[in-house]
Amino acid sequence: MIIIMKNTATKEHVDELSQWLARFNVQANPIFGKDTIVVGLVGDTGAVDRDALLRDPQVDNVIKVQEPFKLANRKFHPDNTIVRIGKNVEIGGSGVVVMAGPCSVEGHDQIIDVARHVKEQGATVLRGGAWKPRSSPYSFQGLKAEGLDLLHEASLDTGLPVVTEITNPAHIELFMDKCDCFQVGARNMQNFELLKELGQTDKPILLKRGFANTIEEFLMSAEYIMAGGNPNVILCERGIRTYETYTRNTLDISAVPALKRLSHLPVVVDPSHAAGIYWMVEPLAMSAIAAGADGLIIEVHNDPAHALSDGAQSLTYQSFEETMGKLRAVAAAVGKTI
Ligand code: PEP
Ligand code: MN
C-alpha cells in the first residue's frame, strides 16, 4: 500500500500516521519530495482500512499494490491446485471435468434417469438442486431433504459424485453424508456466515460468482472459505448481469483467464445459467474450454419442456450427447481431455 499525502501535509502528521499504522504491525516509510510526501507501507496491510486512511484530511490518495486475497493467490502458490470430488474425480489438472444434471431434483425416476444418461455421455459429476433459491417465492422451491436423499440414491446407482447447492449453514450436517461437493449459489456468494461455516468442513466447495460481483470480490469469498481451513475451493463463472437482455446473463469469458492468472484454484464455467437459452449452451461451453476452464457445469433434463425449473436452458439427452462430442474436440485442440 502506498499513501500519497496532500501537498499541505506536515511532517508531524506523517509521524502521527506512522505511529497509528505501527499498531497493525505495518512499517511506514515516508519519502519527502519537493512537493509531495509519499508513504510506502511494508508488512501485511490486510487489516489496514483504505477508506479510513482516505478519511484523513491530509491524505490525498491510497494505492493498493497487492491483492487482498492471499490463500487464493497464485503468487504464493504457483502450482495449480487440484481438488478431488468424491473418490475418483480430480479437477484442476489436464482433464476437463463435466458436471451435468437437472436444475432441480424432481423425483426418483427423473434423477436416476438423468444421472444414467449424463454418465453414459461422459459426465463425471452429477448436479441437481434440492434446495432451490428462486427469485419468486411462488416458484418451485425444490424437494429439499427428499431431493438430497434422491441425489444420494442416484449417486449410489451410477457411482457419480454429487454437487448440490446449500443455502443455509444449519443444513451442513444433513448434507455432509449425502453429497460430495457443496455448491454455493450466485445469490449466496457473499453470505459470509455460510462461507465461514463451509470453511470448517473438508468437502470441496463449488463457489459460484455473484451476478453483480467483481473478480476481486469473488476471490475474497474464496478466501473466506480457505481462511477457515478448507483449501478445496472450485471457482465457477456463471454469467454476470449487464445491460444486455437478450441472454439471461452475460458470460464473462474473460474471467476464466483472469482467474487462472490470479489464482491457483480450479475454474469451472456454467454456460447454462449464463445463457439461459438451450441453443447457446454449446458454443459457450466450447469457448470456456478454449479459454482454459478446468470444468463445466451443464443443465440436462429428461423433458426440458416440462422441467420444474430452468427448462429453457436445459439440454435434452440428445443435444447433450452432441455437445459432448464438440467439447471433446475443443479439449483435444487445447491439449486436454474429457
Ligand atoms: C443452479 O446451479 O441451479 C443455480 C441456481 O445457479 P446460480 O446460483 O448460478 O444462479
Ligand atoms: Mn438452474
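**Helix, sheet and metal site in a predicted model**

Student: What makes the span of helix H1 (residues 11–22) agree with its length?
Tutor: The expected span is 1.5 Å times one less than the number of residues. H1 has 12 residues and should therefore span 16 Å; its end C-alpha atoms are 17 Å apart, which agrees. Helices (H or I, at least four residues) and strands (E, at least two) are DSSP runs, numbered from the N terminus. This is a predicted model, in which local features need pLDDT of at least 70 and side-chain atom pairs count only at pLDDT 80 or more, while totals for chains, interfaces and linings use all residues. Residues are numbered from 1 along each chain as its sequence is written, chains are lettered from A and ligands numbered from 1 in the order in which they are written, and side-chain values use heavy atoms, with hydrogens and water left out.

Student: Which residues of H1 are buried, and how do you know that they share a side?
Tutor: Buried means under 20% relative accessible area, exposed over 50%, partly exposed in between (1.4 Å probe, protein chains only). His13, Val14, Leu17, Ser18 and Leu21 are the buried residues of H1. They cover an arc of only 140° around the axis, taken from the directions from the helix axis to the C-beta atoms, so they lie on the same side of H1. The face turned away from the buried side carries the exposed residues Glu12, Glu16 and Gln19.

Student: In what order do the 4 strands of the open sheet stand, and what makes two strands a pair?
Tutor: Two strands pair if DSSP finds at least two bridges between them. The order is S2-S3-S1-S4, with antiparallel pairing. Strands S2 (27–32) and S4 (59–63) are the edges, as each pairs on one side only. S2 and S3 (residues 37–42) have 6 bridges, S1 and S3 have 3, and S1 and S4 have 4.

Student: Which side chains of S1 are buried?
Tutor: Ile3 and Met5 point to one face and are buried, while Ile2 and Ile4 point to the other and are not. In a regular strand the side chains alternate between the two faces of the sheet.

Student: What makes a residue a donor of the manganese ion (ligand 2)?
Tutor: Donors are N, O and S atoms within 2.8 Å of the metal (3.2 Å for Na, K and Ca); water is not among the atoms, so sites may look incomplete. Cys103 (SG), His273 (NE2), Glu299 (OE) and Asp310 (OD) lie 2.0 to 2.3 Å from the ion, and are therefore its protein donors. His273 lies in helix H9 (residues 271–275) and Asp310 in the loop between strand S14 (295–299) and helix H11 (317–333), so the pair ties together parts 37 residues apart in sequence. Both His273 and Asp310 are buried.
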